[in-house]
Amino acid sequence: MMQYEVTKEKSAEHLRQAIHHMSMQDAAFHPVSYAVWYEYSSGEHARLIDEVNALIEKEKKLNEKSTAHVFNKHIAGIDTDHAKKLVERFSQVVTEMRSSTEKTGLQTSEYTKTLDAWSNEIQQQEPQLALQLDSLLSETLMMTNSLNHLQGKLSSSLEEVDALKNEMIKARQEALQDGLTGLMNRKSFDVALHDCLQQHIVDTSLIIADIDYFKKVNDSYGHLFGDKVIQAVASIFKTVAGNSYTAARYGCEEFVLLLPNTQLETAREIAEQIRHKVAAINIKNTITQHMISNITISLGVAAYQPGEQPEGLFSRADQALYTAKANGRNRVTLSSEALVAA
Ligand SMILES: Nc1nc2c(ncn2[C@@H]2O[C@H](COP(=O)(O)OP(=O)(O)OP(=O)(O)O)[C@@H](O)[C@H]2O)c(=O)[nH]1
């Protein structure tokens, strides 16, 4: 994927072309149309170019709808990082253009004032020349008005860029978070685990946990109640993790806790703490008004072995969890015990 590995001169040329193309369309001047036309002008995005050319041939100009369509299909959906960079770049362009039009606007109004003063002076001495000056003056006024208009448009473009940037930040956070619990999701946890092991943090341990007979919980009390149980367990993981450990909802009713600088025995104690806290959960069933308290969880624990890949550590903790389930659930099993049991 292309990621701005072009020279500054080339990129300035793409920019100039993008602004030219944009000014010929029906779509307004905003980050999305900029992104589409910048990509088009860079010449590197063959499918986008083909689609834009086909749209131009059919509709003559790109409107808001077709511009958004091209953006979503060829830019945003494929690479959010790339789309974010384009939006940031547009923000820069707009800021620069705004400051240059402000400067031009200032110069023009100075010029208008001077012309005005001359016009009054000459009016008294050379009425013919004054007529010509008047027309020059009205042209200058028109120019000032259109500059003011452009400035207004650029200001609203800047607001749009800010809104878009915030949306991107939100989308990025959502992509890394589990929606139901607010914990990290599997994707971001995998990255955290990988990073942690790459930093060779000594004595890293991993806990994998799974709520017992969760299908039964759903079947007995309903899916919404099941969600409440997941949230209650997540909140325990969040509290236990604090600022020292990394917790995530790894799958449906599966949770993980990464514990850097923690030996296996300490990790086992922490897993036991979690198990007790889960066993103490009390949630009201809002349909029957009964308190439900028989929630349990099984946990597998493994400590990182030097040279091991993240998948290896994960698989040993998972094997320990499997053993905990097979041995009756509501228990903590170490990977070493799992090997014996296997
Ligand atoms: N309420 C709720 N249920 C979910 C969610 N995601 C998955 N599930 C349910 O979780 C249940 C998982 O059940 P199983 O994998 O069979 O495991 P289990 O019943 O917990 O049994 P063991 O793990 O063997 O103790 C399934 O019924 C899924 O439909 C969710 O977000 N909310």
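Which strands does helix 11 lie across, and at about what angle does it run to strand 6? Here are some notes on that and a few related points.

1. To take the opening question directly: helix 11, residues 310–326, lies across strand 1, strand 6 and strand 7. Its direction is at about 145° to strand 6. Please keep in mind while looking at this that the model is predicted.

2. On confidence, the chain has a mean pLDDT of 83, and 73% of its residues reach 70 or more. The scores for the model are ipTM 0.94 and pTM 0.62. A friendly reminder for the remaining residues: where pLDDT is low, the predicted coordinates should not be read in detail.

3. Now the sheet. It is open and built from five strands, with mixed pairing and the order 2-3-1-6-7. Strand 2 (246–249) and strand 7 (332–334) are the edge strands, each pairing on one side only. On average, and ignoring direction, neighbouring strands in this sheet are turned by 15° against each other.

4. Helix 10 is worth viewing alongside helix 11. Helix 10 covers residues 264–279 and lies across strand 1 (205–211), strand 3, strand 6 (297–303) and strand 7. Relative to strand 6, helix 10 runs at about 170°.

5. The strand 2 end of the sheet can be followed residue by residue. A hairpin of four connecting residues takes the chain from strand 2 to strand 3. The two strands run antiparallel and are joined by four bridges, with strand 3 spanning residues 254–259. Within this pairing, Ala247 has Leu257 as its bridge partner, while Ala248 stands opposite Val256.

6. Is strand 2, an edge strand, covered on one face or on both faces? Both faces are covered. Thr246 and Ala248 are buried on one side, and Ala247 and Arg249 are buried on the other.

7. Finally, the ligand. The shell around the ligand holds 17 residues, and the closest are Asp212, Phe214, Lys215, Gly226 and Cys252. Three elements each supply at least two residues of this shell: strand 1, helix 8 (214–221) and helix 9 (223–241). Sorted by class, the shell has eight charged, six nonpolar and three polar residues. Strand 1 therefore deserves a second look in your viewer, as a member of the sheet that also supplies residues to the ligand shell.

Technical notes. Residues are numbered from 1 along each chain as its sequence is written. This is a predicted model: local features need pLDDT of at least 70, side-chain atom pairs count only at pLDDT 80 or more; totals for chains, interfaces and linings use all residues. Two strands pair if DSSP finds at least two bridges between them. Axes are lines fitted to C-alpha atoms, for helices over the stretch in contact, and angles run from 0 to 180 degrees between N-to-C directions. Two residues are in contact if their C-beta atoms, placed from the backbone, lie within 7 Å. A residue is buried if 20 or more other C-beta atoms lie within 10 Å of its own, exposed if 12 or fewer, and partly exposed in between; C-beta atoms are placed from the backbone. pLDDT is the predictor's confidence in each residue, from 0 to 100. A residue is near a molecule or strand if its C-beta atom, placed from the backbone, lies within 6 Å of it. Ala, Val, Leu, Ile, Met, Phe, Trp, Tyr, Cys and Pro count as nonpolar, Asp, Glu, Lys and Arg as charged, and the others, Gly among them, as polar.
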